[in-house]
Amino acid sequence: MADNAEVNPKELFQNAFNDILWEPFEDNYDNWQEEPFWAAVEQFKIKTKEIGYDDPFVILADYKMPTFEIIRDKLKEGPVGCFRRGWVSPLKNVDVAGAIGPLELLSGRKYNGERVVVLDFWATWCGPCIESAPILSELAEKYPEVAILSINNEAVFSPKPYAPEVISKFLEENKDKFRYSAYIDTAEGHARDTVYKKTAYIAIPCLIVTLDGEVKYVGPESKEFKAALEGAVKAAAPKEK
């Protein structure tokens, strides 16, 4: 392992913050305990002095964390609704044909009424979206009976130019990653407005698993997503007589 002198002190500081003060407490919002947090604060102070920061708020203030009390309050508050444990999307059903009907297919096969569907809302500027693409490609190959349909919308959160040719070029350049059907949302954001926004999930990639239109999962690529997909595939399989 490299000596501390060989590593950027700010990077060491950020690692110490994550390892000591943030990650051990970020999931404790519904079972908060003060004593362990303040013990960690003292440990963090010692560590940051070793790194070379007598005043940790020289850096933390830049992240709008000017006191340990504010850090504590952020941790106690926890994440927004859709990132909390046990969250369930209010979206219960999706008309897949209606959602993608006005959309342009850029690559892959058209939706053909498959019972199990994965809708993948994504954008080229979204790193996690690109990272999840090879995983979805593998699932598309594992489950050929499933329609995995990516829906690109560069303006999912803020206005951006509508440029299908740019997205087509991106898909061509990354065809080894995107080996499943790729649609582009309309300039007006038809799929975004009729499906994505109704999920109440506020990030991308946003994966939606449906079985006969019934929503089985909404969220990121995860073990829960894979379990929901596997469950939908099993439910849709022909029953042995």
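**Close-up 1. Arg179 and Glu141 form a salt bridge in this predicted model.** Their closest N and O atoms sit 2.7 Å apart. This pair links distant parts of the chain, with the two positions 38 residues apart in numbering, as they are 38 residues apart. Arg179 belongs to the loop between helix H7 (164–173) and strand S4 (181–184), while Glu141 is part of helix H6 (residues 127–142). Arg179 has a relative accessible area of 36%, so it counts as partly exposed. Glu141 is partly exposed too, at 49%.

**Close-up 2. Arg72 pairs up with Asp73 in a salt bridge.** Here the closest N and O atoms are 3.1 Å apart. Is Arg72 buried or exposed? Arg72 is buried, because its relative accessible area is 18% and the cut-off for buried is under 20%. Asp73, on the other hand, comes out at 39% and is partly exposed. Zoom out a little and there's a network of salt bridges, in which Arg72 and Asp73 are linked with Glu34 and Lys76.

**Close-up 3. Glu50 and Lys47 make a salt bridge within helix H2.** Look for both residues in helix H2 (residues 34–51), where they lie three residues apart, or about one turn of the helix. The closest N and O atoms of this pair are 3.9 Å apart. Glu50 has 57% relative accessibility, so it counts as exposed. Lys47, with 32%, counts as partly exposed.

**Close-up 4. Salt bridges across the whole structure.** How many salt bridges does a search of the whole structure find? The search turns up 15, including the one between Arg179 and Glu141. As for why such pairs form, side chains of opposite charge can pair when their charged atoms come close.

Conventions: Residues numbered from 1 in each chain as written. Predicted model: local features only at pLDDT ≥ 70, side-chain atom pairs only at ≥ 80, totals over all residues. Heavy atoms only, no water. Salt bridge = Lys/Arg side-chain N within 4 Å of Asp/Glu carboxyl O. Helix = DSSP H or I, 4+ residues; strand = E, 2+ residues; numbered from the N terminus. Buried < 20%, exposed > 50% of the residue type's maximum accessible area, 1.4 Å probe, protein only.
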